[in-house]
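Colleague: Could you take me through one part of this protein slowly, the place where its two domains touch? I'm new to this, so please keep it friendly and connect it to what sits on either side.

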Amino acid sequence: MVKTLKTFDLKNKTVLLRVDYNVPVDNDKVVDDFRIKQTLPTIKHCLDSGAKLVISSHLGRPKSKKDRSLSLMPVGEALADCLEMPIKFSSDCVSEDAHNVTLGLKPGEIHLLENLRFYDEEVNNDYDFSAKLAKHGDIFINDAFGTAHRSHASNVGVANHFSRKGIGFLIENELNFLSKILSKPARPLTLLLGGAKIDTKIDLIDHYIGIADKILIGGGMAFTLLESRGINVGKSIVDKSKVLSGVELINKAKLKKNLFLPKDVVCAKSIDDGSDQNIYDITKIPDDQMGLDIGPKTIESYSKYISESNTIIWNGPMGVFESSFYENGTKSLANHIATCTQNGLISIMGGGDTASALRKFNLEDKMSHLSTGGGASIELLSGKNLPAIFALEV
Ligand code: AMP
């Protein structure tokens with residue numbers, strides 16, 4: 001059993017809270033505080049219940065402790081702004097000074113620790129490092145869904161040092177939504193997948209061939225599957241190492257007839273070339289062109305399938321949505337899903353780029369659920385255990 005935050009008596013206790021504050025920072029300012037805001041209900045509950053709060057997170061992939069551009073200091077400032085209260089900050093997450101700051105905390109106060117990944121021990125799930133982290137709390141609460149598929153010291157190792165441990169509201173909400181989908185989705189269930197990388201999504205497709213009513217593929221990853229089908233994709237991106245797995249997937253889906261690939265694509269000679277776009281039927285992509293967005297026929301047929309669905313899981317943009325020349329596929333389907341959601345469709349969005357696209361089109365609050373963890377939601381939806389959740393079993 002994994003305990004939830006509300007089951008703990010937090011009065012005068014020190015809570016070590018792991019969050020995912022891996023947010024974009026530019027010029028010492030947080031550019032997008034979505035992930036910070038998502039943790040506020042958990043933080044407020046801890047403070048209102050009389051707890052002392054120690055918060056830990058990673059930020060980016062620092063090469064060393066000296067990589068101050070990846071300090072969590074600006075994140076602390078953004079969090080202090082959100083909560084309208086001062087926050088104590090330690091420039092090292094496991095130093096004696098940091099432990100002393102924790103010891104001096106009063107109920108209702110917050111102590112933010114410096115970037116966990118300034119220590120290699122974090123990603124190596126080092127025992128001594130996790131023991132030092134554990135000294136920061138009486139109770140361990142994990143609310144970092146974005147890293148729940150990783151076995152690191154701050155989410156898996158540290159949990160072994162606590163008898164009182166559980167999940168925060170953000171993870172609870174994610175699990176409720178995603179496991180509802182896993183156990184009894186309202187059908188028809190459609191999986192819409194895009195983005196550039198197919199390697200992270202192969203297992204998801206494989207798992208859902210047996211589950212989903214329709215799997216609609218767009219984005220760069222479609223071209224690997226098109227090549228698996230023997231279609232010439234010109235200069236479009238293809239992951240050669242996955243073409244054979246693609247053949248297996250396509251064969252597996254033949255019986256089910258539930259895997260759909262784009263019918264047409266918007267192409268250009270290069271990704272930076274906005275001057276000369278052409279739409280081609282999927283079997284007629286010229287050798288010197290690369291596919292950068294789904295075309296109008298694909299948008300039409302995918303929209304129809306979405307209208308017929310009762311649940312949709314979407315991960316990955318349909319094209320290079322960052323450019324106004326290649327945003328149309330992602331934008332059209334996002335708008336369509338938003339409208340269908342108003343009419344009862346359950347829409348579950350995952351992945352950082354899907355979230356950025358929805359934000360770009362001002363649709364992020366029009367979906368039923370916007371997951372904070374791309375990799376973690378993919379693993380969970382693929383039917384795999386999340387090690388950080390497993391580590392909280394009591
Ligand atoms: P991923 O991390 O795999 O979800 O990929 C997200 C990225 O895929 C976004 O930055 C998109 O610009 C990119 N992308 C989507 N479609 C294409 C495409 N047809 N060719 C190249 N990149 C693409």
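Modeller: Let's begin with a term: a polar contact is a pair of N or O atoms within 3.5 Å, and within protein one of them must be able to donate a hydrogen and the other to accept it. Keep in mind as well that this is a predicted model.

Now to the two domains themselves. The domain assignment gives domain 1 as residues 5–172 and domain 2 as residues 185–381. Their C-alpha centres lie 35 Å apart. Where they touch, nine residues of domain 1 are in contact with eleven residues of domain 2. Between them the two domains bury about 780 Å², and 63% of that is on carbon and sulfur atoms. Three residues stand out on the domain 1 side: Phe-34, Phe-145 and His-149 supply 65% of the area that domain 1 buries against domain 2, more than any other three residues.

Back to that term from the start. Across the interface of domain 1 and domain 2, the rule finds two residue pairs in polar contact, both at pLDDT 80 or more. It also finds one salt bridge across this interface. Look for Asp-32 and Arg-359, whose side chains meet in a salt bridge at 2.1 Å, N to O. Helix α1, residues 34–48, gives the most to the side of domain 1 that touches domain 2, with three residues. Sort the residues on that side by type and you get four nonpolar, three polar and two charged.

So what lies on either side of the interface? Let's take the sheets in turn. One open sheet has seven strands in the order β1-β9-β8-β2-β5-β7-β6, with parallel pairing. At its edges stand β1 (3–4) and β6 (88–90), and each has a single partner strand, so one side of each is left without a neighbour in the sheet. Further in, strand β2 (residues 14–18) runs parallel to β5, and five bridges join the two. To spot one of those pairings, find Leu-17: its bridge partner in β5 is Ile-55.

Another open sheet has six strands, ordered β12-β11-β10-β16-β17-β18, again with parallel pairing. Here the edge strands are β12 (259–260) and β18 (369–370); each has a single partner, so one side of each has no neighbour in the sheet. Strands β16 (residues 311–315) and β17 (residues 346–350) run parallel and are joined by five bridges. Ile-313 is a handy marker, with Ile-348 as its bridge partner in β17.

A few local details are worth a look while you're rotating the model. The structure holds 15 salt bridges. One of them brings together the side chains of Glu-114 and Arg-68, at 3.1 Å, N to O. Glu-114 lies in the loop between β7 (110–113) and α4 (120–123) and Arg-68 in the loop between β5 (52–56) and α2 (73–83), so this pair ties together parts that are 46 residues apart in sequence.

Two backbone oddities finish the tour. The peptide bond from Arg-187 to Pro-188 is cis, with omega near 0°, and Pro-188 is found in the loop between α7 (169–183) and β10 (189–193). Then there's Asp-28, which has a positive phi of about 65° although it is not a glycine. You'll find Asp-28 in the loop between β3 (25–26) and β4 (29–30).

Methods. Residues are numbered from 1 along each chain as its sequence is written. This is a predicted model: local features need pLDDT of at least 70, side-chain atom pairs count only at pLDDT 80 or more; totals for chains, interfaces and linings use all residues. Side-chain values use heavy atoms; hydrogens and water are left out. Domain bounds come from an automatic or database domain assignment. Contact means heavy atoms within 4.5 Å. Buried area is the accessible area (1.4 Å probe) that two parts lose on being put together, summed over both. A salt bridge is a side-chain nitrogen of Lys or Arg within 4 Å of a carboxyl oxygen of Asp or Glu. A polar contact is a pair of N or O atoms within 3.5 Å; within protein, one must be able to donate a hydrogen and the other to accept it, and residues adjacent in sequence count only if both atoms are side-chain atoms. Helices (H or I, at least four residues) and strands (E, at least two) are DSSP runs, numbered from the N terminus. Ala, Val, Leu, Ile, Met, Phe, Trp, Tyr, Cys and Pro count as nonpolar, Asp, Glu, Lys and Arg as charged, and the others, Gly among them, as polar. Two strands pair if DSSP finds at least two bridges between them.
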